[in-house]
Amino acid sequence: MALMNGVWKLCDFNRLYNFRDIMIRKATVRDVKAIRRLLKKHADRGELLPRALSDLYDDVRDFSVFEEKSGASIIGICALHVCWEDLAEIRSLAVSEQYQGEGIGSTLVTAALAEAEDLGIRRVFTLTYRPDFFNKYGFKTVDKATLPQKVWAECIKCVKFPDCDEIAMLKLL
Ligand SMILES: CC(C)(COP(=O)(O)OP(=O)(O)OC[C@H]1O[C@@H](n2cnc3c(N)ncnc32)[C@H](O)[C@@H]1OP(=O)(O)O)[C@@H](O)C(=O)NCCC(=O)NCCS
């Protein structure tokens, strides 16, 4: 999978998914409010952590979005955040409820891993409530204490800090 003109070219996935109506691409500032809405829906259910609008604008270049080709709606989102010279985090992964189970989450994670590889990153971690999902992509549970201190500097912004109940998982590329 490679990123060309802001749009992910999904070589293998193309065969599995009908791409006439949907596509995956890098986010733009115009997507930020839709990203926030999708995050908030899942955050209200305790499935992931909410993010402030200002943080989302700061990190907009981290995000890939899955949208209906009409541009009518964003139905999946995922961010890859570079933390250190060889470490990045997959965060804010969510798929609209009515589109779950169709391979969109899988595509978003695969695209994020490909992006990390393109950036020369060798370790990708995530903090998640869905360890079984990330297991499928080769992530293994690790002790949070093994992640660099810089990761925790970002955690101070989290509503759950310092009582983090997410599971830390790491994948070596
Ligand atoms: C987790 C989530 C992103 C998965 O997205 P999705 O588009 O439904 O997932 P896919 O259809 O790509 O599923 C890929 C595989 O993961 C499995 N899977 C999906 N959700 C899963 C879950 N919660 N736990 C374990 N496995 C899961 C699917 O069965 C599928 O397995 P298969 O390849 O063997 O058939 C989506 O359910 C979601 O947005 N959940 C709410 C937010 C959330 O929990 N985010 C996770 C970050 S903490």
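This report walks through strand E6, its neighbours and the ligand's surroundings in a predicted model.

## A strand tucked inside

Let's start with strand E6, which covers residues 87-95. Eight of its nine residues are buried, so the rest of the structure largely encloses this strand. For a residue to count as buried here, 20 or more other C-beta atoms must lie within 10 Å of its own.

## Neighbours of E6

E6 has a partner in strand E5, residues 74-84, and the two pair in the antiparallel sense through seven bridges. Just two residues sit between E5 and E6, and together these strands form a hairpin. If you'd like a spot to look at, find Ile 90 in E6: Leu 80 stands opposite it.

Strand E7, residues 123-128, pairs with E6 too, but here the strands run parallel, with four bridges joining them. Ile 90 turns up again, as its bridge partner in E7 is Thr 126. Now add helix H4, residues 104-118, to the picture: E6, H4 and E7 make a β-α-β unit, and it is right-handed.

## Around the ligand

Some of these elements also show up around the ligand. E6, H4 and helix H5 (131-135) each contribute at least two residues to the shell there.

Which residues come nearest to the ligand? Out of the 19 around it, they are Gln 100, Gly 105, Ser 106, Thr 128 and Asp 132. As for the make-up of the shell, it's a mix: seven residues are nonpolar, seven are polar and five are charged.

Definitions and conventions: Residues are numbered from 1 along each chain as its sequence is written. This is a predicted model: local features need pLDDT of at least 70, side-chain atom pairs count only at pLDDT 80 or more; totals for chains, interfaces and linings use all residues. A residue is buried if 20 or more other C-beta atoms lie within 10 Å of its own, exposed if 12 or fewer, and partly exposed in between; C-beta atoms are placed from the backbone. Two strands pair if DSSP finds at least two bridges between them. A crossover is right-handed if, with the strands pointing away from the viewer, the path from the first strand over the helix to the second runs clockwise. A residue is near a molecule or strand if its C-beta atom, placed from the backbone, lies within 6 Å of it. Ala, Val, Leu, Ile, Met, Phe, Trp, Tyr, Cys and Pro count as nonpolar, Asp, Glu, Lys and Arg as charged, and the others, Gly among them, as polar.
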